[in-house]
Amino acid sequence: MIISDDLLEELVNFQGEIYTFIKNKTASKDQVENLLRNIEKRRYNILNLIRLYNNNIKDEYNKIDNLDNRYMAKCDGKILKIYIPEVMPKYKQINNFTYKRILLNISEVAKPYCNLFKSDVFIYIKIYDNQQNWDIDNKFIKPIPDALVASNIIKDDSINSMFYCVRGFYSITPHTEVYVTNAKDSIAFLDKFS
């Protein structure tokens, strides 16, 4: 892989931020939170630059595999299933870059199924985290319905167009599964899949 100037600059800036933080030896809560926000910002920028690199390279063997490439969507009859290869972040840990990256990845893989649903929908979200006894209400799921609207899977995410359920599970492989179906099929769906 030939590292572009833009990617090199992101990596060098990232290295500098981490070095400065480590050199400090003591850090306040605000400094730690600032570092975490900057890490997510750099992660977003680096993954975007890798996406551009992958889009421009012809040789499949030289493409860079990363987390964003593992997002998937498929339709099985009346149910759209979206696989998110990471656990949804906690409310406390969310920032614009995390929100935007998850939203864009879901929108991208769901695009082939635009206009799939003409009426109200039910969204069932299963979050798998590698911790025992965690609180499901602390997870930030907003990027999911926003991405479904952005990719025209659903017309909007108002109370008149959708409702959802979120359930948590333990797994050694953190990830999130999203199922979208017509609202009228929600009882049958829950009987079969919950």
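How many aromatic pairs does the structure hold? The structure holds eight of them, where rings of Phe, Tyr and Trp (its six-membered ring) pair if their centres lie within 6.5 Å. Planes under 30 degrees apart count as stacked, over 60 as edge-to-face and the rest as tilted.

Before you click around: this is a predicted model, in which local features need pLDDT of at least 70 and side-chain atom pairs count only at pLDDT 80 or more, while totals for chains, interfaces and linings use all residues. Residues are numbered from 1 along each chain as its sequence is written, and side-chain values use heavy atoms, with hydrogens and water left out.

**Stop 1: the whole protein.** Turn on the cartoon view and look for five helices and five strands. Helices (H or I, at least four residues) and strands (E, at least two) are DSSP runs, numbered from the N terminus. Going along the sequence, you'll meet them in the pattern α-α-β-β-α-β-α-β-β-α. The C-alpha atoms fill a box of roughly 55 × 45 × 30 Å along the principal axes. Of the 194 residues, 38% count as buried, meaning under 20% relative accessible area, with exposed over 50% and partly exposed in between (1.4 Å probe, protein chains only).

**Stop 2: Tyr 99 and Phe 140.** Select both rings: their centres are 6.2 Å apart and their planes stand at 65°, so this pair is edge-to-face. Tyr 99 sits in helix α3 (residues 96-110), while Phe 140 is in the loop between β3 (121-129) and α4 (143-150), so the pair links parts of the chain 41 residues apart. Tyr 99 is partly exposed at 22% relative accessibility, whereas Phe 140 is buried at 12%.

**Stop 3: Phe 122 and Phe 189.** Now pick these two, with ring centres 6.1 Å apart and planes at 70°, which makes the pair edge-to-face. Here strand β3, home of Phe 122, is linked to helix α5 (residues 186-193), home of Phe 189, across 67 residues. Phe 122 is buried, with a relative accessible area of 2%, and Phe 189 is buried too, at 4%.

Keep both selected and add Tyr 124, Phe 163 and Tyr 179: together the five form one aromatic cluster.

**Stop 4: Trp 134 and Lys 139.** Zoom in on Trp 134 and you'll find Lys 139 over its face, at 5.0 Å from the ring centre. A charge sits over a ring if NZ of Lys or CZ of Arg is within 6 Å of the ring centre and within 35 degrees of the ring normal.
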